[in-house]
Amino acid sequence: MAILAPSILSADFMNISQQIRLVEIGGADWIHCDVMDGHFVPNITFGPVVVQAVRKTTKLPIDVHLMIEKPDLYLEDFINAGANYVSVHFEEVVHLNRTVNRIKELGAKAGVVINPATPVKALGDIAEYVDLILIMTVNPGFGGQKFISNSLRRIKEAVGLKEKLNADFLIEIDGGVNAETAKLAFDAGAEVFVAGSSIFKTDNISAATVEIKNSISQ
Ligand code: DX5
Ligand code: ZN
């Protein structure tokens, strides 16, 4: 199963509804929302109000990636705004098991994200409790960066962890994803593909969506 989740970070916010329609036409499966606070990462994006607006314009699952300090304080706001998946960073959350449980209690699916320098094995004791593991394939904070080369090995390690635990979490990647890197990651075992600039910074958003979708469909 391959899920394509366009990230609206690179979309035209003045026309967000139309932009989401274009990725829907191209076969997008989820909509990925990148929330940044200028502290956990050196960039600021948007909060629950925008997620709520996205909710009104699409029936696709909304995948919220929290790149913020103290995400526990905002879980309820994002889930009330319509998030279906909420992912928090391993590097930020001290009581991760509690946070994962809280996300689930609030009615959403729970994800844990690791930065490129955080070992996959660090997830060994949380993986069986999560719905999703997100392996950053760039350093978080900005769109348009290059896919980090050891990501393929890290994806394979996540596949190994999943098999070892007999768990059913999805393996998601985020950053530098285009038709080429998506195919490599797909072959390594990734299941959810976040793509921002390779979709929204093109002349034909629907066609770019189709192209990436095709690259992960074989
Ligand atoms: C990076 C964000 C990504 C970003 C990916 O911090 O988490 O979701 O939108 O952008 P691209 O696809 O342009 O690398
Ligand atoms: Zn993201």
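The legends below describe close-up views of a predicted model.

**View 1. Strand β7 and the cover on its two faces.** Strand β7 comprises residues 170-174, and five of its five residues are buried. In a regular strand the side chains alternate between the two faces of the sheet. In β7 both of these faces are covered, since L170, E172 and D174 on one side are buried and so are I171 and I173 on the other. The acidic residues E172 and D174 therefore count as buried here, lying on one side of β7 together with L170, where buried stands for a relative accessible area under 20%.

**View 2. The neighbours of β7 in the sheet, and the helices that connect them.** Strand β6, which spans residues 132-136, runs parallel to β7 and is joined to it by five bridges. One of the residue pairs along this edge is formed by M136 and its bridge partner in β7, D174. Between these two strands the chain passes through helix α5 (residues 151-165), and the resulting β-α-β crossover is right-handed. Strand β8, residues 192-195, is likewise parallel to β7, and three bridges join the two. Here I173 stands opposite F193 of β8. A right-handed β-α-β unit is made by β7, helix α6 (residues 179-188) and β8.

**View 3. The surroundings of ligand 1.** There are 20 residues around ligand 1, and those that come nearest are D34, G141, D174, G196 and S197. D174, one of these nearest residues, is also the β7 residue that has M136 as its bridge partner. Oxygen atoms of the ligand are approached by both side-chain and backbone atoms: a polar side-chain atom of S7 lies 2.9 Å from a ligand oxygen, a polar side-chain atom of H65 lies 3.3 Å from a ligand oxygen, and for G141 a backbone N or O atom lies 2.7 Å from a ligand oxygen. Ligand 1 taken alone exposes 380 Å², of which the protein buries 99%.

**View 4. Aromatic pairs, with F13 and F46 as one example.** Three aromatic pairs are found in the structure. A pair of aromatic rings is described by the distance of the centres and the angle of the planes. For F13 and F46 the ring centres are 5.8 Å apart and the planes stand at 50°, so this pair is classed as tilted. The two residues are 33 residues apart and link distant parts of the chain, with F13 in the loop between β1 (3-6) and α1 (16-25) and F46 in the loop between β2 (31-36) and α2 (48-57). F13 is partly exposed, at a relative accessible area of 37%, whereas F46 is buried, at 10%.

**View 5. The rings of F186 and F193.** The ring centres of F186 and F193 lie 6.4 Å apart with the planes at 45°, so this pair too is tilted. F186 counts as partly exposed because its relative accessibility is 21%, while F193 counts as buried because its value is 0%. F193 is also the β8 residue that stands opposite I173.

**View 6. S215 in helix α8.** Helix α8 covers residues 205-215 and includes S215. The side chain of S215 reaches the backbone oxygen of I212 at a distance of 2.7 Å. S215 has a relative accessible area of 9% and is therefore buried.

Conventions: Residues numbered from 1 in each chain as written. Chains lettered and ligands numbered in written order. Predicted model: local features only at pLDDT ≥ 70, side-chain atom pairs only at ≥ 80, totals over all residues. Heavy atoms only, no water. Buried < 20%, exposed > 50% of the residue type's maximum accessible area, 1.4 Å probe, protein only. Helix = DSSP H or I, 4+ residues; strand = E, 2+ residues; numbered from the N terminus. Pairing = 2+ DSSP bridges. Right-handed = clockwise from strand over helix to strand, strands pointing away. Near = heavy atom within 4 Å. Polar contact = N/O pair within 3.5 Å; in protein donor to acceptor, adjacent residues only side chain to side chain. Areas by Shrake-Rupley, 256 points an atom, 1.4 Å probe, with all protein chains shown as cover. Phe/Tyr/Trp six-rings, centres within 6.5 Å; stacked < 30°, edge-to-face > 60°.
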